[in-house]
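Hi everyone, thanks for making time for this. I'd like to walk you through one structure today, with the ligand first and the backbone afterwards.

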Amino acid sequence: MKRLLRRIIYEGVYAWACIGGSVAFNRGFAPVDPGRTIDAAFSNDLSQIQLYAELVRLLPNSDREFQDLSLLDAPAGCGGGLRHLKNRYPALNATGVDTSLVARLRSKWLGVRVVKGEMARLPFADKQFDCVLCVEGLFYDPPAAFLREGHRVLKEGGYLLVAEAFRKDRDVHAYFSQLGTQTGFEIETIVDATAGVRQALHDRYAHFRESFLLRIPFVRERFKEMLCLPDSEQFLKWQTGKLVYQLVMLRRRTGDVRA
Ligand SMILES: C[S@@+](CC[C@H](N)C(=O)[O-])C[C@H]1O[C@@H](n2cnc3c(N)ncnc32)[C@H](O)[C@@H]1O
């Protein structure tokens, strides 16, 4: 029931976002690199695309090596992150997966490949990818189920990159260390991106202030937490430091996962 409701909400959000010209749906990161405006598709989502740029910056591959990688974005949403990566590395073999039909239709328009599938049941063969990205999708299915799937579809030594929000009192290193032991990964890097995310959330309010729909009290009440509007508990938690944002790079260990 919860899954169905989430699905319906996402379809609605994406339908609305598409009309508004959005191509990504995450908390974003600021400041945005100069030059991010070159692709007009990103004009409403510069900080959301920047978050992808910050995440892949963790990878050790040089630009030349990156061209030859095969990469999965799970969940990819509308595919804005994939489009950024394809712009930057045209030969990259990039695929996304998402449950939302509207997001997948939107990705076609953006010229990137996003297929139907769930985090805990990735519709791909074993050892197919060099890298798997997960921007704000870790908790939709049980994280261990997703990481096991990540381990299955990654080549030996491949990377799983996660961008996610956590409560400040959570020991993120211990969390991923334990999860990694169960699912066949070791931690390579953890970078605290809280300041950049907090800034992006703050800046984004100016964009939502223009929205006619969000002036309707019923709509605003339903979506304020998801969109992190300034009158939401979420916004307060970010601004008072109760939530943090981490970029995590895990490396797939060789061999099978322990049961
Ligand atoms: C916060 S959005 C992030 C999307 C994308 N990474 C981005 O930054 O634009 C979360 C996405 O997860 C998708 N989703 C939710 N539950 C899912 C599941 N069980 N399997 C795959 N995708 C799921 C939603 O449809 C939505 O597109």
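Before I point at anything, a word on labels: helices and strands here are DSSP runs, numbered from the N terminus, with at least four residues for a helix and at least two for a strand. With that in hand, Phe 42 can be placed in the loop between H1 and helix H2, the latter being residues 46-56. And please keep in mind throughout that this is a predicted model.

Let's stay with Phe 42 for a moment. Is it buried or exposed? Phe 42 has a relative accessible area of 3%, so it counts as buried; the cut-off for buried is under 20%. Its C-alpha atom is 9.7 Å from that of Gly 81, and the two residues are 39 apart along the chain.

Now to the ligand. Where does it sit? The ligand is in the largest pocket. There are 21 residues around the ligand, and the ones that come nearest are Tyr 14, Phe 25, Asn 26, Pro 75 and Asp 98. By type, that shell splits into ten nonpolar residues, five polar ones and six charged ones. Which element gives the largest share of the shell? That would be helix H1, residues 2-19, with four residues.

Three polar contacts are worth finding on your screens. On the oxygen side, a polar backbone atom of Phe 25 is 2.8 Å from an oxygen atom of the ligand. On the nitrogen side, a backbone N or O atom of Val 135 is 3.0 Å from a ligand nitrogen. A ligand nitrogen also has a polar side-chain atom of Asp 141 at 3.3 Å. As for cover, the ligand on its own has 600 Å² of accessible area, and the protein covers 97% of that.

Let me go back to Phe 25, since we have just met it twice. Phe 25 belongs to the loop between H1 and H2. With a relative accessible area of 25%, Phe 25 is partly exposed, because that class runs between the 20% limit for buried and the 50% limit for exposed. From Phe 25 to Tyr 10 the C-alpha distance is 10.0 Å, with their positions 15 residues apart in sequence.

On to the backbone, where I have two cis peptide bonds to show you. One of them runs from Ala 30 to Pro 31, with omega near 5°. Pro 31 is placed in the loop between H1 and H2. The other cis bond goes from Ala 74 to Pro 75, with omega near 0°. Pro 75 sits in the loop between strand E1, residues 70-73, and helix H4, residues 80-88. You'll remember Pro 75 from the list of residues that come nearest to the ligand.

What about phi? Glu 136 is not a glycine, yet its phi is positive, near 60°. Glu 136 is in the loop between E4 and helix H6, which covers 143-153. Its relative accessibility is 12%, so Glu 136 counts as buried. Cys 228 likewise has a positive phi, about 55°, without being a glycine. Look for Cys 228 in the loop between helix H9, residues 217-227, and helix H10, residues 233-239. Cys 228 is buried too, at 7% relative accessibility.

Three more residues, and then I'll take your comments. Arg 252 is part of strand E7, residues 243-252. Here's one for the room: is Arg 252 buried or exposed? At 6% relative accessibility, Arg 252 is classed as buried. A polar atom of the Arg 252 side chain lies 3.0 Å from the backbone oxygen of Leu 154.

Next, Gly 117, in the loop that links strand E3, residues 113-116, and strand E4, residues 129-135. Gly 117 has a relative accessible area of 12%, so this residue is buried. Measuring tape in hand, so to speak: Gly 117 and Leu 247 have their C-alpha atoms 24 Å apart, at a separation of 130 residues in sequence.

Finally, Arg 83 lies in helix H4. Its relative accessibility of 21% makes Arg 83 partly exposed. The C-alpha atoms of Arg 83 and Met 226 are 24 Å apart, for residues 143 apart along the chain.

That's my tour. Over to you!

Definitions and conventions:
Residues are numbered from 1 along each chain as its sequence is written. This is a predicted model: local features need pLDDT of at least 70, side-chain atom pairs count only at pLDDT 80 or more; totals for chains, interfaces and linings use all residues. Side-chain values use heavy atoms; hydrogens and water are left out. A residue is near a molecule or strand if one of its heavy atoms lies within 4 Å of it. A polar contact is a pair of N or O atoms within 3.5 Å; within protein, one must be able to donate a hydrogen and the other to accept it, and residues adjacent in sequence count only if both atoms are side-chain atoms. Accessible areas come from the Shrake-Rupley method with a 1.4 Å probe; for residues, only the protein chains shown count as cover. On a 1 Å grid over the protein atoms alone, a cavity is a set of points where a 1.4 Å probe fits but cannot get out, and a pocket is an open set with protein on both sides within 12 Å along at least five of seven lines; lining residues have an atom within 4 Å of a point. A molecule sits in a cavity or pocket if more than half of its atoms lie within 2 Å of its grid points. Ala, Val, Leu, Ile, Met, Phe, Trp, Tyr, Cys and Pro count as nonpolar, Asp, Glu, Lys and Arg as charged, and the others, Gly among them, as polar. Buried means under 20% relative accessible area, exposed over 50%, partly exposed in between (1.4 Å probe, protein chains only).
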